[in-house]
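Grab a pencil and open the viewer: here are a few exercises to work through on one protein chain. Try each task yourself before you read the solution.

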Amino acid sequence: MPKIIPVAIFDCVVFGATGDLTLRKLLPALYYRFRDGQMPAQSRVIGAARSKLSDEDYRERAAQALRKHVGVGDLEPDVLASFLSQVHYVPIDATAADADWDQFTVVLDPARIRVFYLATSPDLYGATCLGLQAAGLVTEQSRVVLEKPIGHDLDSAHAIIEQVGRVFSEAQTFRIDHFLGKETVQNLLALRFANTIFERLWSSDVIDHVQITVAETVGLEGRGGYYDKSGALRDMLQNHMLQLLCLIAMEPPVSLDADRVRDEKLKVLRALKPLEPHDVAGLTVRGQYTQGAIAGKPVPGYLADLGADDPSGTESFVALKAEVRTWRWANVPFYLRTGKRLPKKVSEIVIQFRSLPFSIFPSEAAEWQPNSLIIRLQPEEGMRLGMMTKDPGPGGLRLSPTGLDIRFEKTFGMRFPDAYERLLMDTVRGNPTLFMRRDEVEAAWTWVEPILEAWASRPDQPRPYPAGSWGPTAAIALIERDGRTWHEDVE
Ligand code: BG6
């Protein structure tokens, strides 16, 4: 078990305290950091939301959430009681003219680091920040954490960034993309820049193409109100998936300094070939699930999940082909796909190397598979290097695809912290490396916007796909047209 270094004592105010993200992710993350001694015992969590609740009411809700979302055996009664004693609640409507911001003055300790976590709709970010400022609650030691997506297009993102920027400096602003807190995502930096063998191979000389898949089995999970306005492109691709693409495609940064890493990611976003309106039809596929079955259980379609009678034009699946226009990546396509109600929950990156230029083996000696490096984000975080080896024993020289496998949990024999645990502690420490800088967010919207516009201008609805399938058949055609296939373990 690595040594845990406690962070400084802090107060963390969570706006949106009764929402799904807080109950399912943030409170469990804080609980684990408290249990492991990284969150000092005097630190406090102050939930803030519109509901009129007392501290006791909110502690009860928090306790229920922790019982549900903390692993069996990890919820220790004494630790839980001490943690809950540090949880408080402030009822407030941040958009109301008569909102009583002074309630925070009573609760917050002026000497501590303050984290204002905005787990609300982005439309509320501006009003919340202005309310905090007007009440004199923003100290030098304050930070603000913004959940994604920031806005719904470039203009709205820009407006939010400006509003928040009037109150918090860039150094105080932490735009969270929780994928960047996942262990394997951070391992990408280690894989590429702490090993000599891969960096030499990391280019179009050796790599044929890259695939990034983020598949989920869940549907709308009661988040239909948000999701139907967002869709897979804004919810997953504009942020999580483009960030993964950046970490794969970026040049080695000159140091691990936050800005040096983010400079390199930004260059990738700027090198993405813009999709012209006429490209969008051929290079993107959007889908929406209909009823089907997952793991043998019937599940309803998107509209039924949404509780809507009228059709919706929102995509729950997107696949696309992107190009990074640099020397390193010329002619190496990046195929991305993500969707809800797919057959399994799996997030992985496949680096597919080129086929043999020439084989000395008879063609019947093997079922050839070009080498691949599979980086598995979840479940079973790890990496697999796919290679050809000789079948053991006599009987002629026969070859089969096998692999070198690392499963991180097995290798290290420890629980892998949730992404939010690390990111929350990084916020307290003031380390922005794993957060998105303003220009990254804007560059990602700049690339995605022509797709949104082209889709909006085309009357065709997203293509239906049955829940439990790998999306519309057009997504398979998207890659097969180029003589390639989606990674078969996933299929
Ligand atoms: C969130 C999206 O950012 O990521 C959700 O809003 C999605 O729609 C979730 O389900 C997936 O995260 P994870 O960590 O479960 O892969």
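**Exercise 1. Find which domains the chain is assigned and how far apart their C-alpha centres lie.**

Solution. Start with the domain assignment of this predicted model. It gives domain 1 as residues 10-147 and domain 2 as residues 180-480. Next, take the C-alpha centre of each domain: the two centres lie 32 Å apart.

**Exercise 2. Work out how much area domain 1 and domain 2 bury between them, and how many residues are in contact.**

Solution. Step one is to count residues: 19 from domain 1 are in contact with 11 from domain 2. Step two is the area. The size of an interface is often given as the accessible area lost when the parts come together. Here domain 1 and domain 2 bury about 1400 Å² between them. Of that area, 66% is on carbon and sulfur atoms.

**Exercise 3. Check whether Asp418 and Lys25 pass or fail the salt-bridge rule, then describe the side of domain 1 that touches domain 2.**

Solution. The rule asks for a Lys or Arg side-chain nitrogen within 4 Å of a carboxyl oxygen of Asp or Glu. The closest N and O atoms of Asp418 and Lys25 are 3.2 Å apart, so by that cut-off the pair is a salt bridge. Across the whole interface of the two domains, the rule finds 2 salt bridges. There are also 5 residue pairs in polar contact between the domains.

Now look at which elements of domain 1 do the touching. Helix 1 (20-35), strand 4 (113-118) and strand 5 (142-146) each give two or more residues to that side. Helix 1 has the largest share, with 9 residues. Sorted by class, this side of domain 1 has 10 nonpolar, 1 polar and 8 charged residues.

**Exercise 4. List some residues that surround the ligand, and find the side chains with an N or O atom by a ligand oxygen.**

Solution. First, the surroundings: they include Lys148, Phe179, Glu216, Arg223, His240 and Gln378. Then read off distances from a ligand oxygen to a side-chain N or O atom. You get 2.7 Å for Lys148, 2.8 Å for Arg223 and 2.6 Å for Gln378.

**Exercise 5. Decide whether the peptide bonds from Lys148 to Pro149 and from Gln378 to Pro379 are cis or trans.**

Solution. Check omega for each bond. From Lys148 to Pro149, omega is near -10°, and the bond is cis. Between Gln378 and Pro379, omega is about -10°, and this bond is cis too. Finally, place the prolines: Pro149 sits in the loop between strand 5 and helix 6 (154-165), while Pro379 is in the loop between strand 14 (372-378) and strand 15 (382-390).

Definitions and conventions: Residues numbered from 1 in each chain as written. Predicted model: local features only at pLDDT ≥ 70, side-chain atom pairs only at ≥ 80, totals over all residues. Heavy atoms only, no water. Domains from an automatic or database assignment. Contact = heavy atoms within 4.5 Å. Buried area = accessible area lost by both parts, 1.4 Å probe. Polar contact = N/O pair within 3.5 Å; in protein donor to acceptor, adjacent residues only side chain to side chain. Helix = DSSP H or I, 4+ residues; strand = E, 2+ residues; numbered from the N terminus. Nonpolar A, V, L, I, M, F, W, Y, C, P; charged D, E, K, R; others polar. Near = heavy atom within 4 Å.
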